[in-house]
Amino acid sequence: MPHFLFELRRYRLRPGARETLIDLFEREFVETQEVLGIGLAGQFRDADDPDAFVWLRSFANMEARAEALAAFYNGPVWKEYGDAANATMVNSDNVLLLKAIGPSAFSSNPRREELGDERPCEGILVATTCSLAPKGANAFAAYFNSDARPLLETLGARIEATFVTEENANTFPRLPVREGEPVFVWFAGFTSEASYQSFQVRLRQSSQWTNEVFPHLDGLMWRKAEISRLFPTARSLYRW
């Protein structure tokens, strides 16, 4: 079943603890979530923040989310390894609850055994999070799809997914999310860091972007967009 409800989770870790958490996560928390119907779209290292771990998980709907999370966090695997995971973290509540709009590379949840694990990957995923005024998501999404997306793709970005805030109340309050924060998030994929840097050069040289499209997008935001360069871990389903 396609998934359209997502959590974008960003953990602040203790210095030097990221590899410890990734090793634990990918050994104990991958299949044990997937068997409950949770989609693990990807796990990532943030290239600009050595103490951050970023991951995406998905659900069919809010009801399925509540049931699956209750089963996992009340289950034997989290009971055994949860304390060890939490010991690597400073905080784990920087979480956006999102719904996909339009086609998404993260919604189909391919079978892990068909793709294989630990596939080499030089690609990079760039997440752009735009904070918006209340009720501003529709206008932002419409302009992004009509003007920004075609230009970004022409300049070399592959737009993998777009999201807006899921406005329904958190159905699993044991895990806090950033409620009441309207956002638009888009993910762009590139084959390598070099291809991303080349894209950035073309973007800066585009008068349409610098003089028209970006100023319009920026005018709809409440603060500067947050941009994260994400590199897939060994067992991330998402990779270029």
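Phenylalanine 190 is buried in this predicted model, with a relative accessible area of 2%, where buried denotes under 20% relative accessible area, exposed over 50% and partly exposed the range in between, as evaluated with a 1.4 Å probe on protein chains only. Phenylalanine 199, at 5% relative accessibility, is likewise classed as buried. The model is a predicted one, in which local features need pLDDT of at least 70 and side-chain atom pairs count only at pLDDT 80 or more, while totals for chains, interfaces and linings use all residues. Residues are numbered from 1 along each chain as its sequence is written, and side-chain values use heavy atoms, with hydrogens and water left out.

A pair of aromatic rings is described by the distance of the centres and the angle of the planes. Rings of Phe, Tyr and Trp (the six-membered ring of the latter) are paired if their centres lie within 6.5 Å, and planes under 30 degrees apart count as stacked, over 60 as edge-to-face and the rest as tilted; by this rule the count comes to 25 aromatic pairs. The rings of phenylalanine 72 and tryptophan 78 form a tilted pair, because their centres are 6.0 Å apart and their planes stand at 50°. Phenylalanine 72 is buried at a relative accessible area of 4%, and tryptophan 78 is buried at 16%. Phenylalanine 190 and phenylalanine 199 also form a tilted pair, with 5.0 Å from centre to centre and 45° between the planes. One aromatic cluster is formed by Tyr11, Phe25, Phe29, Phe53, Trp55, Phe72, Tyr73, Trp78 and Phe172.

Tryptophan 78 recurs in helix α4 (residues 76-86), whose buried residues are Trp78, Tyr81, Gly82 and Ala85; helices (H or I, at least four residues) and strands (E, at least two) are DSSP runs numbered from the N terminus. Seen down the axis of α4, these buried residues fall within an arc of 140° and therefore line one face of the helix, the arc being that of the directions from the helix axis to the C-beta atoms. Pro76, Lys79, Glu80 and Asp83 are exposed on the other side of α4. The buried residues of α4 pack against α1 (18-28), α3 (62-73) and β4 (89-100), contact being defined as heavy atoms within 4.5 Å.

A salt bridge is taken as a side-chain nitrogen of Lys or Arg within 4 Å of a carboxyl oxygen of Asp or Glu, and the count by this rule comes to 15 salt bridges. In one of them, arginine 10 is joined to aspartate 49, with the closest N and O atoms 3.6 Å apart. This pair links distant parts of the chain, 39 residues apart, since arginine 10 belongs to strand β1 (residues 5-13) and aspartate 49 to the loop between β2 (39-46) and β3 (52-59). Arginine 10 is partly exposed, at 22% relative accessible area, whereas aspartate 49 is buried at 14%.

Glutamate 31 and arginine 235 meet in a further salt bridge, at 2.4 Å from N to O. Glutamate 31 lies in helix α2 (residues 31-34) and arginine 235 in the segment after β8 (226-232), so the pair ties together parts that are 204 residues apart in sequence. Glutamate 31 is partly exposed at 39% relative accessibility, while arginine 235 is buried at 10%.
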